[in-house]
Amino acid sequence: MTRKILIPFLLLMAFQANAQIKYTPSPENLKSREWFQDARFGLFIHWGVYSVLGDGEWVMNNQNIDKETYQKLPNFFNPVNYDPKEWVAMAKAAGMKYITITSKHHDGFAMFDSKLTDWDIVDRTPYKKDIIKMLAEECRKEGIKLFFYHSHLDWYQENYFPLGRTGHSSGRPEKGDWYKYLDYMDGQLTELLTNYGEIGGIWFDGDWDKLDADWRLEKTYSLIHKLQPACMVGNNHHLAPFPGEDFQMFEKDLPGHNTTGFSGDSKVGSLPLETCETMNNSWGFNLQDKRYKSTKSIIQYIVKAAGYNSNFLLNVGPMPDGRIQPEFVSTLKEVGKWMEKYGETIYGTRGGPVPPKSWGVTTYKNNKVYVHVMNAENSNLLIPDFGKKVKGITLFTTSEKLKYKQDTFGITISLPKDIADETDTILVIEI
Ligand code: FHN
């Protein structure tokens, strides 16, 4: 091919490839995104047969447990105290609007009744019940949206081959049909999006295990949107969003930060945002992990996330008997009390108009800007100019009017005395 023909040909190919990956979200999907952003606070649940060992959800990999041995675990998983009513009531009382639960984690074990494998809760455990179905029904009754965390990575399936960076001790044979694995994954997603009613979203994780693999994401994402157009797709690939995704998530970090090393390549995009965090230091149940976060730090995380225009997804790892550990339950109760009082400054708001500062963050809704002071530095607070004329400033809790001065530098507010120890002092600027 001559240069003259080759260049237009390559341009045409590039154009076609782009046209293929162009994604236009449906009106239903756009509505879900608005709902999602208004919701601001959700419950993350990491639950699987690994909880029996009380050593987190990576135990199969971390303790080098081979597949044959790991298969004994479901025999001990009998969550007789599992009560979805209690879980959903707990989430609601904490002020959470949605639940994201692991339908399958990296051990490949389906927590739902899958017809595509017997490596699932109904076929392998003495409990024999589909906990996802039970939860879906309760969520529907209580007006809580349900999302599924679904792992791309699978330490159990033989077709997950070539192996990625993890799960090498599982003892799988040195062969497998990758595209059959992807068909299997799409098949399970079809089950999840067909048999469990309306699903808020799919939260993927684990493609970082095989960065150079053909994950066929486009096909999987279109399948999801075809089955349920309103269902939001998110992927914890730790990169900037790909076409077909509807929200962007961050792990253990606020958007744009990278204190944990997960978010190195994830530039903040324009999709709705979500950040997730643990209540101690583990996702799956960990018997020995007592690094419980305080109620204050959790509330401040919710507030900061909202100031960054992001949702906050807070994790619990239920125990193998189906209960959520009392330490988490009591903290969530306290968080709920705060949300009940101050939720107006979080739900339905968007981050800004002033970017996060060392003293705190701002959120806004209609003609109100909520100033969340979490770290008062002195008795006056200078808010940089954000281009609006201020009509008045009050303290959220008492509606007490505060003195302020607005000039070309911004707004200087006289803070009430003795707020140093408060979780969050909220000022309301009316514009
Ligand atoms: O490997 C997982 C981990 O187990 C957990 O599910 C978290 C949740 O964000 N994500 C992965 C690590 O990026």
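Two exercises follow, on the ligand site and the enclosed spaces of this predicted model.

Residues are numbered from 1 along each chain as its sequence is written. Local features need pLDDT of at least 70, side-chain atom pairs count only at pLDDT 80 or more, totals for chains, interfaces and linings use all residues, and side-chain values use heavy atoms, with hydrogens and water left out.

**Exercise 1.** Describe how the protein surrounds the ligand.

Step 1. Take the shell (a heavy atom within 4 Å of the ligand). The shell has 14 residues, and His46, Glu57, His106, Asp205 and Glu251 come nearest.

Step 2. Sort the shell by class (Ala, Val, Leu, Ile, Met, Phe, Trp, Tyr, Cys and Pro nonpolar; Asp, Glu, Lys and Arg charged; the others, Gly among them, polar). Six are nonpolar, five polar and three charged.

Step 3. Find polar side-chain atoms next to ligand oxygen atoms (N or O pairs within 3.5 Å). His46 gives 2.7 Å. Trp58 gives 2.8 Å. His106 also gives 2.8 Å.

Step 4. Check burial (Shrake-Rupley, 1.4 Å probe). Alone, the ligand exposes 330 Å², and the protein buries 96% of that.

**Exercise 2.** How many cavities of 30 Å³ or more are there, and what lines them?

Step 1. Apply the rule (1 Å grid over the protein atoms alone; a 1.4 Å probe fits but cannot get out; lining atoms within 4 Å of a point). The count is two.

Step 2. The largest cavity has a volume of about 40 Å³. Its lining includes Asn235, His237, Pro241 and Phe247. By class, that lining has four nonpolar, five polar and one charged residues.

Step 3. The second largest cavity holds about 30 Å³. Trp47, Tyr50, Lys104 and Asp107 are among its lining residues. Five of the lining residues are nonpolar, two polar and two charged.

Definitions and conventions
A polar contact is a pair of N or O atoms within 3.5 Å; within protein, one must be able to donate a hydrogen and the other to accept it, and residues adjacent in sequence count only if both atoms are side-chain atoms. On a 1 Å grid over the protein atoms alone, a cavity is a set of points where a 1.4 Å probe fits but cannot get out, and a pocket is an open set with protein on both sides within 12 Å along at least five of seven lines; lining residues have an atom within 4 Å of a point. Grid points are joined across faces, edges and corners, and a volume is the space filled by probe spheres set on the points.
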